[in-house]
Amino acid sequence: MVPGDDAILTHLRRGALEYCVLAMLRDQQLYGLDIARRLSVDGILMSGEGTLYPLLARLRKAGLVDTTWQESVEGPPRRYYSLTGEGRDALASFTRTWKPFRDAVDSALLKGTP
């Protein structure tokens, strides 16, 4: 059985989405809805908000992100997320690993061999 595009995207997202979130928080703190909007712009990284908030909770419990509440002029207070030192280390490790992995996949797909 050959998986369809949606199944393939689900598997790919599962391994990379948390690191995309960490990368977004590298230089700035963001609130959840802003993260969701950025990730779902093209429908590739995230297709809906339903997976984001559990992911953010896991990142917080793992010590990779911190949260703070900030007042908003547009409504209720917002929970902002920022990267911790441990989160920076995890992102750096993923970044070092990603390029060789991506290159090997590209090579396998384009040439048929890694």
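Colleague: Which helices each supply at least two residues of the lining of the second largest pocket?

Modeller: In this predicted model, H1 and H3 each give at least two residues to that lining. The largest share, five residues, comes from H1.

Colleague: What makes a residue count as part of the lining of the second largest pocket?

Modeller: A lining residue must have an atom within 4 Å of a pocket point. Thr10, Arg13, Arg14, Leu17, Glu18, Leu45, Met46, Ser47, Thr51, Leu55 and Arg58 line the second largest pocket, so each of them has such an atom. The space they surround comes to about 260 Å³.

Colleague: How do you know how many residues of that lining are nonpolar, polar and charged?

Modeller: The class follows from the residue type. Leu and Met count as nonpolar, Arg and Glu as charged, and Thr and Ser as polar. The lining therefore divides into four nonpolar, three polar and four charged residues.

Colleague: And what is the volume of the largest pocket?

Modeller: The largest pocket has about 430 Å³. It is lined by 15 residues, and Leu12, Arg13, Ala16, Trp98 and Phe101 are the closest to its centre. Two or more lining residues come from H1 and also from helix H4 (85–111). H4 gives the largest share, seven residues. By class, ten of the lining residues are nonpolar, two polar and three charged.

Colleague: Let's turn to helix packing. What describes two packed helices?

Modeller: The angle between their axes and the distance between the axes. For helix H1 (residues 5–24) and helix H2 (residues 32–39), the axes come within 11 Å and cross at roughly 115°. H1 passes H2 in a right-handed crossing.

Colleague: Which residues make that contact?

Modeller: H1 brings Leu17, Cys20, Val21 and Met24, while H2 brings Ile35, Arg38 and Leu39. They divide into six nonpolar, no polar and one charged. Arg counts as charged, so Arg38 is the charged one.

Colleague: Why is Lys61 called exposed?

Modeller: Exposed means over 50% relative accessible area. Lys61 has 68% relative accessibility, so it counts as exposed.

Colleague: Where is Lys61 found?

Modeller: Lys61 belongs to helix H3, which covers residues 52–61.

Colleague: How far apart are Lys61 and Gly4 in sequence and in space?

Modeller: In sequence, 57 residues separate Lys61 and Gly4, and in space they are 33 Å apart, C-alpha to C-alpha.

Methods
Residues are numbered from 1 along each chain as its sequence is written. This is a predicted model: local features need pLDDT of at least 70, side-chain atom pairs count only at pLDDT 80 or more; totals for chains, interfaces and linings use all residues. Side-chain values use heavy atoms; hydrogens and water are left out. Helices (H or I, at least four residues) and strands (E, at least two) are DSSP runs, numbered from the N terminus. Buried means under 20% relative accessible area, exposed over 50%, partly exposed in between (1.4 Å probe, protein chains only). Axes are lines fitted to C-alpha atoms, for helices over the stretch in contact, and angles run from 0 to 180 degrees between N-to-C directions. A crossing is left-handed if the near helix is turned anticlockwise from the far one by less than a right angle, and right-handed if clockwise. Contact means heavy atoms within 4.5 Å. On a 1 Å grid over the protein atoms alone, a cavity is a set of points where a 1.4 Å probe fits but cannot get out, and a pocket is an open set with protein on both sides within 12 Å along at least five of seven lines; lining residues have an atom within 4 Å of a point. Grid points are joined across faces, edges and corners, and a volume is the space filled by probe spheres set on the points.
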